[in-house]
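Colleague: Could you walk me through this model and tell me how each label was earned? I would like to see the value set against the rule each time.

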Amino acid sequence: MRLKPPPSLPPLRWTPLLRRLPVLSIRQPYAWLVVNGIKTLENRSWRTHYRGPVLIHASASLANLTVTECEKYGARGGVLMPENYAVGGVIGYVEIVDCVRHHPSIWKHRGTWGWVLAHARPLKFRPCKGAVSFFYPRWQSVGRNRKSRRIGIRPGVASPRSERNDSRQ
């Protein structure tokens, strides 16, 4: 299979309305796949009745950020994955349009709730501390010297540790 370059969706501009949206933390590289519209389903152990827009936070956890994992999910999504990922802040916007037990998506795992996602767009990185479930962050100031924390892909295998309510695609 021939992999395509990643999509080049123009990032949304930050507005006061976006700052008031709930935030959902997802580990990289899954967060990158979600905000670029490649991964349209998020697996969770819990159901949500919420429908609407959310911001996507790239977790600071590096457990799934290995060369092997990135290649595997890039191949599944049919795209070339980037070499660096922003972590520890909000990286995009998406809408939750449904929550289902069964779905034909290649991203759906048995025994989980599938949160169906649509209208994904990247945002300029905005640092904030993550949390479990939906959360409303205390926004850190964004000054000229504030840069996104970018982490390169690590060689090796991800840690077998898993945390409740974290995405394990």
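Modeller: Gladly, and burial comes first: buried means under 20% relative accessible area, exposed means over 50%, and partly exposed lies in between, with a 1.4 Å probe and protein chains only. This is a predicted model, in which local features need pLDDT of at least 70 and side-chain atom pairs count only at pLDDT 80 or more, while totals for chains, interfaces and linings use all residues. Residues are numbered from 1 along each chain as its sequence is written, and side-chain values use heavy atoms, with hydrogens and water left out.

Colleague: Why does Asp98 count as partly exposed?

Modeller: Asp98 has 31% relative accessibility, and partly exposed is the class between under 20% and over 50%. Arg51, at 36%, therefore gets the label partly exposed too.

Colleague: What makes Arg51 and Asp98 a salt bridge?

Modeller: The rule asks for a side-chain nitrogen of Lys or Arg within 4 Å of a carboxyl oxygen of Asp or Glu. For Arg51 and Asp98 the N to O distance is 3.7 Å, so the pair meets the rule. Arg51 sits in the loop between strand S2 (41–44) and strand S3 (52–58), and Asp98 in strand S5 (residues 89–100), so the bridge ties together parts 47 residues apart in sequence. Strands (E, at least two residues) and helices (H or I, at least four) are DSSP runs, numbered from the N terminus.

Colleague: Which residues do shared partners join into one network?

Modeller: Lys39, Glu42 and Arg44 are joined that way. Glu42 meets Lys39 at 2.9 Å, N to O, and the closest N and O atoms of Arg44 and Glu42 are 3.1 Å apart. Both Glu42 and Lys39 are buried, and Arg44 is buried as well. The count of salt bridges comes to four.

Colleague: What makes a group of residues a nonpolar core?

Modeller: Such a core is a set of buried Ala, Val, Leu, Ile, Met, Phe, Trp, Tyr and Cys residues joined through side-chain atoms within 4.5 Å. The largest one has 33 residues, and Ile91 is among those touching the most other members. Strand S1 (23–26), helix H2 (30–35) and helix H3 (67–77) are among the elements that each supply at least two of its residues. A second, separate core of eleven residues includes Tyr93, Leu123, Cys128 and Trp139.

Colleague: How do you know that Cys128 is buried?

Modeller: Cys128 has 3% relative accessibility, so it counts as buried. Cys99, at 6%, is buried for the same reason: the limit is under 20%. A disulfide needs two cysteine sulfur atoms within 2.5 Å, and a search of the whole structure finds zero.

Colleague: Why do S2 and strand S7 (134–135) stand at the edges of the sheet?

Modeller: Two strands pair if DSSP finds at least two bridges between them. The open sheet runs S2-S6-S5-S3-S1-S7, with mixed pairing. S2 and S7 each have a single partner strand, so one side of each is left without a neighbour in the sheet. S1 and S7 pair in the antiparallel sense over two bridges, and Val23 has Phe135 in S7 as its bridge partner.

Colleague: Which element has the lowest mean pLDDT, and which the highest?

Modeller: pLDDT is the predictor's confidence in each residue, from 0 to 100. Strand S8 (residues 149–152) has the lowest mean, 56, and S3 the highest, 97. The mean for the protein chain is 82, with 78% of its residues at 70 or more. Over residues 144–148 pLDDT stays under 50. Where pLDDT is low, the predicted coordinates should not be read in detail.

Notes:
Contact = heavy atoms within 4.5 Å.
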